Amino acid sequence: MEFLEIKGVSKGYGLPGSRTEVLRDINLSVEEGEFVAIVGYSGAGKTTLISMISGLLKADSGSVKLRGEEIMEPSPERAVVFQNYSLLPWLTVFENVALAVEQVFPAWSQAKQREQVEKYLAMVNLTPAAGKLPRELSGGMRQRVSVARALATEAKILLLDEPLGALDALTRATLQDEIVRIWEQDRRTIVLITNDVDEGILTADRIIPLSAGPGATLGPSVAVDIARPRDRRALNHDPAFKHVRKQVLDYLLGPGGRQKTLVSRKLSLPDLLPENLNEPRTLFGVRRKPRRRSEEKLETVEV
Amino acid sequence: MAFIKRYKLDSLLLPLIGLGAFLMLWLVIAGRIETRKAVDEFGDPVTKTVKTGISPDLPTPGETWKASKPYLVEPFAKRGELDQGILAFTKLSLILVMQGYLIALLIGTPLGFFLGLSKAFTKAMDPIIQVLRPVSPLAWFPLGLVLFSSVKLMDGGGKTVFGASDAAALFTIAICSMWPAVMNTAVGVRAVPQDYLNVAKVLKLSKAKTLFKVLLPATLPYMFTGFRLSLGIAWLVIVAVEMLTGRPGVGGFLWQEYNAGSYSRIILCILTIGVVGLVLDRLMSLVEARFKTA
């Protein structure tokens with residue numbers, strides 16, 4: 001039995017008739033302790049996919065199972081790190097993590113809960129910022145709080161929804177290393193969603209491309225056989241890295257790429273006649289406005 | 001000019017210029033008192049005082065000051081029910097406003113929460129709210145009298161402590177000042193980011209915990225904006241209510257002085273109402289700023 005198993009899942013939005021299918025025929029299985037990256041175009045339905053694993057959304061058809069049990073609703077055992085951090089701005093860093101700990105381990109003594117929060121804040125190197133409010137932190141620090149909150153619940157699986165999407169390249173690199181470091185400490189299952197192929201290859205055991213929408217589906221999974229720890233500087237020259245990267249990009253730009261469609265549209269061009277300076281000014285000192293000659297052309301555009 | 005800029009005197013100077021211009025305008029409209037010597041038809045010399053101005057009945061700033069002085073110098077004096085120092089009146093008015101305002105918040109905040117949480121409830125209630133919202137306090141007061149006609153609480157001596165008109169006054173203040181609190185709370189609840197609710201869902205927070213740990217703190221800034229606007233309206237309504245009931249307070253005093261023909265004190269009342277309203281608004285902005293998050 002697989003740890004996480006997604007079978008024949010499809011999901012669409014809208015009423016019947018004007019319905020758009022976002023995801024179709026998604027099949028994915030993840031083993032316990034595995035680090036899987038899903039790479040895809042923005043707007044392809046990556047967040048929809050992770051929402052279905054977390055239970056925030058329900059699949060229209062197919063099944064999502066964790067340890068053989070159907071996922072019906074959200075639960076702290078599947079912790080989510082959202083792209084926009086989703087910290088409660090009126091709580092300090094410590095309180096944000098503590099809220100999750102108190103909720104998941106209500107039976108624990110206060111001292112033990114405190115210890116748990118402190119342990120995970122230390123793991124993401126945020127002990128000095130424990131008393132600060134989220135707005136006093138940088139984007140990278142906020143995301144680390146969000147990771148600490150997810151880890152502190154001791155979830156069986158971590159779902160990272162483009163966690164580094166809003167960060168600058170340098171902070172991104174540091175946090176990528178940090179996520180890998182944390183994962184190596186206790187080998188919890190991680191599903192990372194990203195739009196950055198390199199990020200996926202650098203961090204994950206396996207990388208799966210998600211084709212462009214509408215009706216996105218998962219491409220062939222590519223195993224990343226690069227020994228850890230992976231050095232991002234040496235990686236660029238590693239033939240295995242180049243091979244994985246080529247395979248993923250070939251799918252994303254080839255069969256999984258954006259379908260182009262030809263559309264014929266009538267376009268009206270902004271066709272203006274210049275102002276006539278010889279014309280006398282009117283009563284209010286204004287010349288007549290430039291005239292517009294409307295002209296429409298039938299053009300075929302590639303969208 | 002550099003001197004003025006360095007010490008930021010313009011923030012002091014410009015309001016003073018504005019105030020001066022306002023006083024000038026007042027003086028022009030109110031005119032001056034002139035004493036003329038004339039000879040009547042019997043040949044006797046008489047002195048006549050004539051007031052010249054655009055509106056001769058309007059008291060001049062000087063007259064206003066002279067007539068208001070006893071109320072300002074002894075602000076807490078109580079010479080009679082409707083002859084008290086200006087701060088004593090203000091206190092009476094504020095007590096009534098606070099009572100009505102509290103009722104408005106106690107009803108309005110939960111109502112706003114329900115409106116924000118349930119689309120069906122909003123659809124059901126919205127037409128009624130939109131119709132009731134613009135109704136003037138003058139129109140609500142008689143309805144209050146009818147509604148609470150049987151209310152009569154008496155003390156030991158058989159004196160009415162809380163009668164129909166008191167109940168109607170509170171009702172009027174509450175129902176007029178409720179709406180900004182209701183609307184802002186509803187908007188605030190609807191504006192709670194989905195992310196926060198997702199966090200609550202993933203952590204499986206109970207309904208009550210979601211309300212108190214997520215919804216309420218996220219809505220607080222909106223709520224306090226509503227509370228501030230509500231307080232402003234409650235203070236507006238007080239004058240109308242006191243005029244209609246004739247109870248002692250700034251508004252009641254104003255109406256009494258109008259009936260007594262001493263117009264100077266009307267101006268005193270108007271200025272007092274304005275200043276108190278300003279102070280209340282500033283105090284509420286301070287509280288509001290305290291609850292601003294992110």
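**Entry 1: chain A**

I began with burial in chain A, where 38% of the 303 residues are buried. I keep in mind throughout that this is a predicted model. For the secondary structure of chain A, I noted eight helices and 12 strands. I then turned to contacts in chain A with a sequence separation of 6 or more, and found that residues 24 or more positions apart account for 69% of them.

**Entry 2: chain B as a whole**

In chain B I listed 11 helices and six strands, and I noted that buried residues make up 33% of its 294 residues. What radius of gyration does chain B have, set against a compact globule of 294 residues? I found 26 Å for chain B, whereas such a globule would have a value near 19 Å. I also looked up the extent along the principal axes, and the C-alpha atoms of chain B fill a box of roughly 100 × 70 × 35 Å. As for contacts in chain B between residues at least 6 apart in sequence, I recorded that 66% of them join residues at least 24 apart.

**Entry 3: H7 and H9 of chain B**

I went on to helix packing, for which two packed helices are described by the angle between their axes and the distance between the axes. Helix H7 of chain B covers residues 164–190 and helix H9 of chain B covers residues 207–245, and I found that their axes come within 7 Å and cross at roughly 155°. Angles over 145 degrees count as roughly antiparallel, and H7(B) and H9(B) are therefore roughly antiparallel to each other. I noted the hand of the crossing as well, and H7(B) passes H9(B) in a right-handed crossing. Sorting the residues of this contact of H7(B) with H9(B) by class, I have 19 nonpolar, 11 polar and no charged.

**Entry 4: Trp179(B)**

I picked out one residue of helix H7 of chain B, namely Trp179(B). Is Trp179(B) buried or exposed? The cut-off for a buried residue is 20 or more other C-beta atoms within 10 Å, and Trp179(B) is buried because 23 other C-beta atoms lie within 10 Å. I also checked Trp179(B) against Gly163(B): the two are 16 residues apart in sequence, and their C-alpha atoms are 26 Å apart in space.

**Entry 5: H9 and H10 of chain B**

Next I looked at H9(B) with helix H10 of chain B, residues 250–260, and found the pair packed at an angle of about 55° with their axes 7 Å apart. H9(B) and H10(B) are therefore oblique to each other, and I recorded their crossing as right-handed. Which residues make the contact? From H9(B) I listed Ile238(B), Val239(B), Val241(B), Glu242(B) and Met243(B), and from H10(B) I listed Val250(B), Gly251(B), Gly252(B), Leu254(B) and Trp255(B). By class, the residues of the contact of H9(B) with H10(B) come to seven nonpolar, two polar and one charged.

**Entry 6: where the chains meet**

Finally I turned to the contact between the chains, which takes 17 residues from chain A and 14 residues from chain B. On the side of chain A that touches chain B, I noted that strand E6 (78–81) and helix H2 (93–104) of chain A each supply at least two residues. Which element gives the most to that side of chain A? I found H2(A) in that role, with three residues. I closed the entry with the classes on the side of chain A that touches chain B, which are 11 nonpolar, five polar and one charged.

Notes: Residues numbered from 1 in each chain as written. Chains lettered and ligands numbered in written order. Predicted model: local features only at pLDDT ≥ 70, side-chain atom pairs only at ≥ 80, totals over all residues. Helix = DSSP H or I, 4+ residues; strand = E, 2+ residues; numbered from the N terminus. Rg over C-alpha atoms; globule rule 2.2 N^0.38 Å. Buried ≥ 20, exposed ≤ 12 C-beta atoms within 10 Å, placed from the backbone. Contact = placed C-beta atoms within 7 Å. Axes fitted to C-alpha atoms, helices over the stretch in contact; angles between N-to-C directions. Parallel < 35°, antiparallel > 145°, perpendicular 65-115°, else oblique. Left-handed = near helix turned anticlockwise from the far one by under 90°. Nonpolar A, V, L, I, M, F, W, Y, C, P; charged D, E, K, R; others polar.
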